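Student: I should like a close look at the empty space in this model. Please describe the largest pocket in detail, and then place it beside the enclosed space and the nonpolar cores.

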Amino acid sequence: PNAVPVVLFNPLNWDRSEVVSIALSSDLAQPRWQAQNAEGQSLLTQPGQDASPLLLVYVPDIPSVGYRLIWLMPAEAPLPIALPDDWVIENEHLRSRIDPSTGAIASLVHKATATETFHSCGNQLQAFKDQGQYWDAWNIAPDYQDHPLENFRLQRVDWVEYGPVRQTLRVVQTFNQSTITQDYSLAVGSPVLAVHTQVDWQETQVVLKTAFPLTVSAAEATYEIPFGAIARSTTPATSQDAAKWEVPALRWADLSDRDRGVSLLTDYKHGFDATPRQLRLTLLKAPIWPDPGCDRGLQTFSYAIYPHAHGWQQAKTVQAARSFNLPVQACLDCSTALPTPGPTSASWLNFGDTSLVLAAFKQAEDQADQYVLRAYESTGTSRPLTLGGTLPVKTVGLLNLLEQPQTEETTAIAAPWQVVSLALAPAP
């Protein structure tokens, strides 16, 4: 009688098995809860450690562009778990050890390949003087690496949470007048080590980067761009290539050889530089023109390290990065919107192949009774676009990006990197 229904919505077009954060309202903060699936089987459950009431639940097989219903059942408070004496976080995919003297990653072992990810400490925070540029807010000084700043001071390393669902270590450092708080977080079933960062940034003309010196070596690094990816040399041979020492990426960058590699996933930070054995991500600047207060103050962002076998295509880095950016959404008051009686899980839309990525699903601009589905091929291979799922629609035809009909064909083949738009109409 006291069970609480929770609807979990997956906005991405592939099935997902991962930890879901459920924000509890104040009236649900007590008692303790145990999550179950719709068949009554217990799910791994752990109380969160955020300031607001939170429940962490590992939920398998949340359908593509669809939902799964779970239940929260009142339960006794879990027994306390003794915290380990070392700074190691581990799951079935990764084992990471944090250096207690620097707060960086001393070791990150990828268990599937039995390899060490870094040849020296990973997530090394590095600061450099960055001045002398006319376009101060847009340009990084070309000689910034000649002016390193060594004012980092480790304040503490603490356990934030340690349980069967997620383990999180917090590292707090100061740099001059700034404070940098980083939470290393590893969830059950996850192949990525997340770094959630909060910075109170109070510097002037300083650029902050984080470095990942890798045991893998590659002649090219690959970066996500809109609807695709671009490979760039890590050993530039021309002055033009050398001038591209800082390059943009959307959600990920990757360094891989034929056997294994490492992807960096990011939410709000998009500037990278690379050498054959290192990726670096730019975190912050502190320009004084045109806004003398630019970048200063409190801000949060996240990135993650994803070691993998083979190349980024086989490792499905595109999917890992989008999953990192678009978590499963938990809704405690959506159950009345489900059909009764009806399925406790359903996929409204799927493509049957995860190299195709859903980019948009919208009402047509000029046809009120039609919809437009837009997807793109993300790995450089040709794929058929076949629609599955329970959404009651039928394909009308192919469109261009202006939503103009292109052909009478209703079967779409996505060429490598192609953006495909389909006109859809409601079906009986």
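Tutor: The account below takes the largest pocket, then the cavity, then the cores and cysteines. The model is predicted, so local features require pLDDT of at least 70 and side-chain atom pairs count only at pLDDT 80 or more, while totals for chains, interfaces and linings use all residues. Residues are numbered from 1 along each chain as its sequence is written, and side-chain values use heavy atoms, with hydrogens and water left out.

The largest pocket holds about 1500 Å³ of space. A pocket here is an open set of points on a 1 Å grid over the protein atoms alone, with protein on both sides within 12 Å along at least five of seven lines, and a lining residue has an atom within 4 Å of a point. Grid points are joined across faces, edges and corners, and the volume is the space filled by probe spheres set on the points. Of the 48 lining residues, V192, A194, H196, S323 and F324 lie nearest the centre of the pocket. Two or more lining residues come from each of β2 (16–23), β13 (152–162), β14 (166–175), β15 (178–187), β16 (193–201), β25 and α2 (317–325); these are DSSP runs numbered from the N terminus, helices being H or I of at least four residues and strands E of at least two. β2 supplies the largest share, six residues. The lining divides into 20 nonpolar, 17 polar and eleven charged residues, where Ala, Val, Leu, Ile, Met, Phe, Trp, Tyr, Cys and Pro are nonpolar, Asp, Glu, Lys and Arg charged, and the others, Gly among them, polar.

β25 (297–309) also serves the largest cavity, where it and β22 (260–266) each give at least two lining residues. A cavity is a set of grid points where a 1.4 Å probe fits but cannot get out. The whole structure has one cavity of 30 Å³ or more, and the largest encloses about 40 Å³. Its lining consists of H110, T113, T115, T117, R260, G261, V262, P307 and H308: two nonpolar, six polar and one charged. β22 contributes the most, three residues.

The largest nonpolar core contains 44 residues, and I105, Y184, L193, W201, L208 and I305 have the most contacts inside it. Another core lies apart from it, with 17 residues including V4, I22, L24 and V59. Such a core joins buried Ala, Val, Leu, Ile, Met, Phe, Trp, Tyr and Cys residues through side-chain atoms within 4.5 Å; buried means under 20% relative accessible area, exposed over 50%, and partly exposed in between (1.4 Å probe, protein chains only). C121, at 21% relative accessibility, is therefore partly exposed, as is C294 at 22%.
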